[in-house]
Amino acid sequence: MKPILKLYRGYANEQELIVMGHVFRPTSLEEYNFQKKNLKNATSVIKMFQIKTQANADVYLDYYDTKIHTKTLNDGYFKFCVPLDQSITYGWINYQVSIIHKEETIITKETYIRPHKGNLGIISDIDDTFLVSHTKNPLKKLYVLLFKNVNKRKVYDDVVSHYQALSTAGRKKHGEQNAFFYVSSSEWNLYRFIIKFTELHKLPKAVLLLKDIKTSLKDFIFTGHGDHNHKFEKIKHILEFYPNLEYVLLGDDSQQDVFLYEAIAKIFPITVKAVYIRQTSAKKKDKVLSVMENLQSLNVAICYFKDSAEAIAHSKSIGII
């Protein structure tokens with residue numbers, strides 16, 4: 001058996017490249033199988049949370065003609081933040097990372113985005129923002145995660161049209177896309193599932209920034225819950241990393257999104273252009289309405305919507321799409 005090297009989509013600006021991944025110990029556990037149904041899907045999902053990470057493993061990034069060496073952190077996670085030479089390449093760019101096991105080199109390839117110069121950045125939550133997840137009902141959320149495979153999971157009506165329009169907004173050249181990020185309280189364990197889901201539904205290709213990996217069954221039961229500070233820090237990091245963009249932030253009212261976005265808008269008063277919050281209950285929440293009004297007083301365009309058709313109409317009315 002060999003250790004497993006997982007890479008995630010990275011991102012770059014004019015000065016720096018950031019790529020990341022995990023190294024897992026050798027295992028006989030099968031990868032999550034997207035086609036399994038019912039109980040077999042549940043077993044497959046649970047196995048994703050029983051994986052064991054490898055601390056202090058040697059990892060090598062191939063960067064032009066050099067190999068950059070680092071080691072994994074205690075949870076098997078690694079991240080390369082490297083100065084970027086004056087590259088002239090934009091769009092999605094390939095990269096590769098390797099580890100060495102018993103004199104054998106194991107190579108994994110992924111891509112990173114270096115957005116074409118533009119005006120817009122899009123940051124979206126995942127659960128109950130575009131992926132129907134039932135966050136307000138923990139038992140139902142767990143049931144859906146366990147017993148509905150990726151092909152049975154649902155996306156909200158018209159959300160794909162909205163996201164695709166945002167992805168290409170302001171772009172005159174075919175193939176150019178805006179910087180797009182999915183930031184979630186879901187853990188890295190669910191990365192492949194989320195990528196597959198977004199590909200199935202033709203949602204924009206995006207960088208995912210997720211929560212620290214979980215390695216026990218107890219952690220699995222509370223997946224997607226707990227402290228949301230990591231989301232705040234990751235969103236803040238994106239706005240600092242691409243300071244010249246204006247941002248559209250999309251979330252829902254089932255957890256803390258609107259409060260996080262309000263804090264972000266207060267810190268970045270020029271760069272937050274619009275905030276979209278999906279209504280997940282029968283009624284709009286007073287606390288959310290109050291925060292949205294406050295955002296509006298900060299000159300942020302707001303839309304608290306039940307259906308994505310409303311959000312599309314709003315984006316058109318303010319000239320984003």
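Begin by selecting helices α6 and α7: α6 passes α7 in a right-handed crossing, a term for a near helix turned clockwise from the far one by less than a right angle. Helices (H or I, at least four residues) and strands (E, at least two) are DSSP runs, numbered from the N terminus. The model is predicted, so that local features need pLDDT of at least 70 and side-chain atom pairs pLDDT 80 or more, while totals for chains, interfaces and linings use all residues. Residues are numbered from 1 along each chain as its sequence is written, and side-chain values use heavy atoms, without hydrogens and water.

Next, select residues 229-241 for α6 and 257-267 for α7; their axes come within 10 Å and cross at roughly 35°. Axes are lines fitted to C-alpha atoms over the stretch in contact, with angles from 0 to 180 degrees between N-to-C directions.

Now display the side chains at this contact (heavy atoms within 4.5 Å). On α6, select Lys231, Phe232, Ile235, Lys236 and Leu239; on α7, select Asp257, Leu260, Tyr261, Ala263, Ile264 and Ile267. These residues comprise 8 nonpolar, no polar and 3 charged.

Finally, select the whole protein chain, which has 9 helices and 13 strands. Its C-alpha atoms fill a box of roughly 60 × 50 × 35 Å along the principal axes. Buried residues (under 20% relative accessible area, 1.4 Å probe, protein chains only) form 53% of the 321 residues. Of the contacts with a separation of 6 or more, 71% join residues 24 or more positions apart.

Technical notes: Ala, Val, Leu, Ile, Met, Phe, Trp, Tyr, Cys and Pro count as nonpolar, Asp, Glu, Lys and Arg as charged, and the others, Gly among them, as polar. Buried means under 20% relative accessible area, exposed over 50%, partly exposed in between (1.4 Å probe, protein chains only).
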